[in-house]
Amino acid sequence: MASGTTPLRLYNTLTRTKDAFTPLDASNVRMYVCGPTVYDFAHIGNARPVIVFDLLFRLLRHLYGEAHVTYVRNITDVDDKINARAARDFPDLPLNEAIRRVTEATNAQFQADVKALECLEPSVQPRATEHIAEMIAMCGVLIEKGHAYAAEGHVLFSPGTMADYGRLSNRSLDDMLAGARVDVAPYKRDPMDFVLWKPSSPEEPGWESPWGRGRPGWHIECSAMSEKHLGPVFDIHGGGIDLAFPHHENELAQSRCAHGTRLMAQVWMHNGFLQVEGRKMSKSEGNFVTIHDLLETEHFGGRRWPGAVLRLAMLMTHYREPIDFSVARLEEAARKLEGWWRAAREGGEGRASGPDASVIEALSDDLGFHRAAVAIDVMARKANRGEGEAAHCLALTLRFLGLGEVGAEGAAEGGDAAIEARVAARLAALDARDFAAADAIRAELLAEGVQLMDFKDAETGERRTKWERKL
């Protein structure tokens, strides 16, 4: 059972109620969150679910024990968007080689970005390309059970074979058809049927299957990866609200029909939409902002923002509510975080060995960060009055939340994390033989007074890089 007396309550998109959470197996609480499609730098909308579900991961580890929580966040490395980006960026290379360069460099940048946001590494980060056999097997099961069919090298799922399809997104098949841009194709039995497997041209990435050489559709990837690492039914499935339909609706349908289960996940959690300065984020609006932009450039608000500030700015609005991401919000988060850490530095050693109980109680009510922040303010006021125990507990609580120090000491700390992120991105570019990108990162760091030194790992022989600031 979870430690403490406060039960964990979570809002479930599937039931539209907030209920007490009871894991299927308290010795292994299992959570799956949809991760990035690695074709471009992650934008700040992508950062929100990463931060929200990292906070939940931390809370679950606190309640059930670090060894008793499994968090899976996938990497989608086979997708038509990746193919298009690879062909655009590397027109002189064979497509598969170009795809490898794009996915390796983009994934390395994503990992560096989320590390700078002070997110813990998930228990498992499966790649879609490593689970093709499981996807093909699931397609075969769905055909056998009458929920899918093969046609002209495609395998398609028939939503009409599932009595309660649409329950997650609260839509009927008629509503979906009326409001959707469906792909009408002659090989489909019904316009709402969606692709599980599709044929590949000789130039496109593909794998041999009973239906010919091809590649998976988007939805089957997560169904196969979640089953492989968490089982046919698990505790929590998370992601942005934009994924509820069609992605999560179709995941749920495939998985339940393949396994003959009533549920895929006990609880479905979705974070709200994100706007930038009051407008929908888009490249055409000129307000498309990546995590890299915020951490590494002065593109947004004329300064770079430490990862902990970005993290707090995201958490200050309840995860299910829409959020307006702005310079004013970042400035407010920076002031708040600096004030908390000033207070925390007033104390020394104390009796507390973990985060404040009031903060855990607040987070246990559907990640109620507003109440948690109020409790942190109370600790900060006590610490500023000279109560050393409060200061000590405050520091432990901030570290538990992933809110690293950003004061005088924290500025250097945040800068170091940003440098490490760029060093990791450069190594990924070198591994992908994208020497122009690697040289650009080296030159950028050198201009900022950071010298890079490459060397070989004595045990593995792999390329490593250390760095130092030039005086």
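This passage describes a predicted model of a protein chain, from its overall form to individual residues.

The chain has 471 residues, and a compact globule of that length would have a radius of gyration near 23 Å; the value for the chain is 24 Å, which agrees with that expectation. Along the principal axes, the C-alpha atoms fill a box of roughly 75 × 55 × 50 Å. The secondary structure consists of 15 helices and 15 strands. Of the 471 residues, 53% are buried, and the accessible surface of the chain comes to about 20,800 Å², with 50% of this area belonging to carbon and sulfur atoms. When contacts with a separation of 6 or more are considered, 72% of them are accounted for by residues that lie 24 or more positions apart.

The confidence of the prediction can be summarised by a mean pLDDT of 91 for the chain, with 94% of the residues reaching 70 or more. Over residues 407–412, however, the pLDDT is below 50, and in the model this stretch has 5 contacts beyond near neighbours in sequence. Where pLDDT is low, the predicted coordinates should not be read in detail.

Turning to the side chains, the structure holds 6 aromatic pairs. One of them is formed by phenylalanine 21 and tyrosine 64, whose rings are arranged edge-to-face, with 6.4 Å from centre to centre and 85° between the planes. Phenylalanine 21 belongs to the loop between strand 2 (17–20) and strand 3 (29–33), whereas tyrosine 64 belongs to helix 1 (residues 44–64), so the pair ties together parts of the chain that are 43 residues apart in sequence. Both phenylalanine 21 and tyrosine 64 are buried. Rings are also found beneath charged groups: the charged end of arginine 61 sits over the ring of phenylalanine 57, at 5.1 Å from the ring centre, and the charged end of lysine 466 sits over the ring of phenylalanine 455, at 6.0 Å from the centre of that ring.

Helix 9, which spans residues 307–315, is mostly covered, since 9 of its 9 residues are buried. Among these buried residues are Gly307, Ala308, Val309 and Leu310, and the list also includes Arg311.

Two loop residues may be described through their surroundings. Aspartate 356 is found in the loop between helix 10 (327–344) and helix 11 (357–363), and because its relative accessibility is 16%, below the 20% limit, this aspartate counts as buried. If residues up to four places away in sequence are not counted, aspartate 356 touches Ala375, Met379, Cys393 and Thr397. The C-alpha atom of aspartate 356 is separated by 45 Å from that of isoleucine 132, a residue 224 positions away along the chain. Valine 233, in turn, is found in the loop between helix 6 (218–230) and strand 9 (234–240), and with a relative accessible area of 21% this valine is partly exposed. Leaving aside neighbours within four places in sequence, valine 233 is in contact with Leu24, Arg30, Thr261, Leu263 and Met264. For one of these partners, leucine 263, the separation of the C-alpha atoms from valine 233 is 6.4 Å, although the two residues are 30 residues apart along the chain.

Some features of the backbone also deserve mention. Most residues other than glycine have a negative phi, and most peptide bonds are trans. In this model, a cis peptide bond joins phenylalanine 245 and proline 246, with omega at about 5°, and proline 246 has its place in helix 7 (residues 244–259). A positive phi is found at arginine 16, a residue other than glycine, where the angle is near 60°. Arginine 16 is in the loop between strand 1 (9–12) and strand 2, and with a relative accessible area of 36% this arginine is partly exposed. Asparagine 170, although it is not a glycine, likewise has a positive phi, of about 60°. The position of asparagine 170 is in the loop between strand 6 (154–157) and helix 5 (173–179), and its relative accessible area of 58% makes asparagine 170 exposed.

Technical notes
Residues numbered from 1 in each chain as written. Predicted model: local features only at pLDDT ≥ 70, side-chain atom pairs only at ≥ 80, totals over all residues. Heavy atoms only, no water. Phe/Tyr/Trp six-rings, centres within 6.5 Å; stacked < 30°, edge-to-face > 60°. Helix = DSSP H or I, 4+ residues; strand = E, 2+ residues; numbered from the N terminus. Buried < 20%, exposed > 50% of the residue type's maximum accessible area, 1.4 Å probe, protein only. Lys NZ or Arg CZ within 6 Å of the ring centre and 35° of its normal. Rg over C-alpha atoms; globule rule 2.2 N^0.38 Å. Contact = heavy atoms within 4.5 Å. Areas by Shrake-Rupley, 256 points an atom, 1.4 Å probe, with all protein chains shown as cover. pLDDT = per-residue confidence, 0-100.
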